[in-house]
Structure formats: structure tokens, C-alpha cells
Amino acid sequence: MRTTVTLDPEIEHLLREAMRQRGQSFKEVLNRAVVQGLADLRSDAREVLFVPVTCPMGLRAGYDRARLGALADDMEVDAFLDLSRGLSKRIASE
């Protein structure tokens with residue numbers, strides 16, 4: 001396939017340097033670079049993008065790690081009720 005590609009000056013310099021070092025044509029060096037670049041893109045897709053870092057939480061007995069969200073919800077409800085009771089008492093005393 002024939003096509004026109006506009007290369008950045010830095011890329012052209014790298015290609016010409018590779019041509020000189022390897023004694024290959026522009027076409028050979030460019031094709032090899034494209035193949036390697038595309039292979040790297042394909043292998044990047046298979047890599048794990050996120051690796052969680054874990055550490056012991058030091059939870060006391062009786063806390064279910066799977067229900068920590070429910071525990072946080074319960075604590076939030078308790079805090080809201082405490083705040084509401086405090087406001088109710090203050091309004092009643094006025």
C-alpha cells in the first residue's frame with residue numbers, strides 16, 4: 001500500500017539514524033517500527049491496568065469486612081439522628 005505520511009522532525013531523525021546503523025532502507029526501518037509499535041499496543045491491552053495494594057486493616061473481632069459499607073451507613077444514620085435530636089431540643093427550648 002502506498003500512502004503519504006507526515007512525520008515530525010524528531011521521528012524522521014530517528015528513522016534516518018536507524019537506517020544508517022542497520023544499513024536498511026527507509027521503507028524497511030519504517031515498517032519494522034510500525035510493526036513493533038502496533039505489537040506494543042496489542043500487548044498493552046492485555047496488561048493489568050490496576051493492581052490494588054492491600055494491607056492489614058487491624059479490624060477488631062465482630063466486624064465483617066464484607067459489610068463495612070453497611071457499618072458506615074449505620075454510623076451516618078446515628079450521627080444524623082443525634083444531630084436532629086440536638087436541633088429539636090434547641091428549637092423546643094426557644
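In which helix is Val34 found? Val34 belongs to helix α2, which covers residues 26–46. The model is a predicted one, and Val34 is a useful place to enter it.

With a relative accessibility of 42%, Val34 counts as partly exposed. Together with Leu38 and Leu41, Val34 forms a nonpolar patch on the surface. The accessible area of these three residues together is about 280 Å². A residue needs over 30% relative accessible area to be part of a patch, so Val34, at 42%, passes that cut-off.

Val34 also takes part in a second feature, the lining of the largest pocket. The other residues lining this pocket are Met1, Arg2, Thr3, Thr4, Val5, Leu7, Phe26, Lys27, Leu30 and Asn31. Sorted by class, the lining consists of six nonpolar, three polar and two charged residues. The space in the largest pocket comes to about 370 Å³. Because a probe the size of a water molecule is rolled over the atoms, the places where empty space is left can be shown.

The salt bridges come next. How many salt bridges does the structure hold? There are three.

One of them joins the side chains of Arg16 and Glu12, with an N to O distance of 3.2 Å. Arg16 and Glu12 are four residues apart in helix α1, which covers residues 9–22, and so about one helical turn separates them. Arg16 is partly exposed, its relative accessible area being 44%. Glu12 is partly exposed as well, with 35%.

Another salt bridge links Arg20 to Glu17, and here the closest N and O atoms are 2.3 Å apart. Both Arg20 and Glu17 lie in helix α1, at a spacing of three residues, about one turn of the helix. Is Arg20 exposed or buried? Arg20 has a relative accessibility of 60% and therefore counts as exposed. The cut-off for that class is over 50%. Its partner Glu17, with 28% relative accessibility, counts as partly exposed.

Helix α3, residues 68–93, contains the salt-bridge partners Arg85 and Asp82. The closest N and O atoms of Arg85 and Asp82 are 3.3 Å apart. Arg85 and Asp82 are three residues apart in helix α3, so that about one helical turn lies between them. Arg85 counts as partly exposed, at 48% relative accessibility.

Technical notes
Residues numbered from 1 in each chain as written. Predicted model: local features only at pLDDT ≥ 70, side-chain atom pairs only at ≥ 80, totals over all residues. Heavy atoms only, no water. Salt bridge = Lys/Arg side-chain N within 4 Å of Asp/Glu carboxyl O. Helix = DSSP H or I, 4+ residues; strand = E, 2+ residues; numbered from the N terminus. Buried < 20%, exposed > 50% of the residue type's maximum accessible area, 1.4 Å probe, protein only. 1 Å grid on protein atoms, 1.4 Å probe; cavity = no way out; pocket = protein on both sides within 12 Å on 5 of 7 lines; lining within 4 Å. Points joined across faces, edges and corners; volume = space filled by probe spheres on them. Nonpolar A, V, L, I, M, F, W, Y, C, P; charged D, E, K, R; others polar. Patch = residues over 30% accessible without salt bridge, like charges linked within 9 Å, V, L, I, M, F, W, Y side chains within 5 Å. Areas by Shrake-Rupley, 256 points an atom, 1.4 Å probe, with all protein chains shown as cover.
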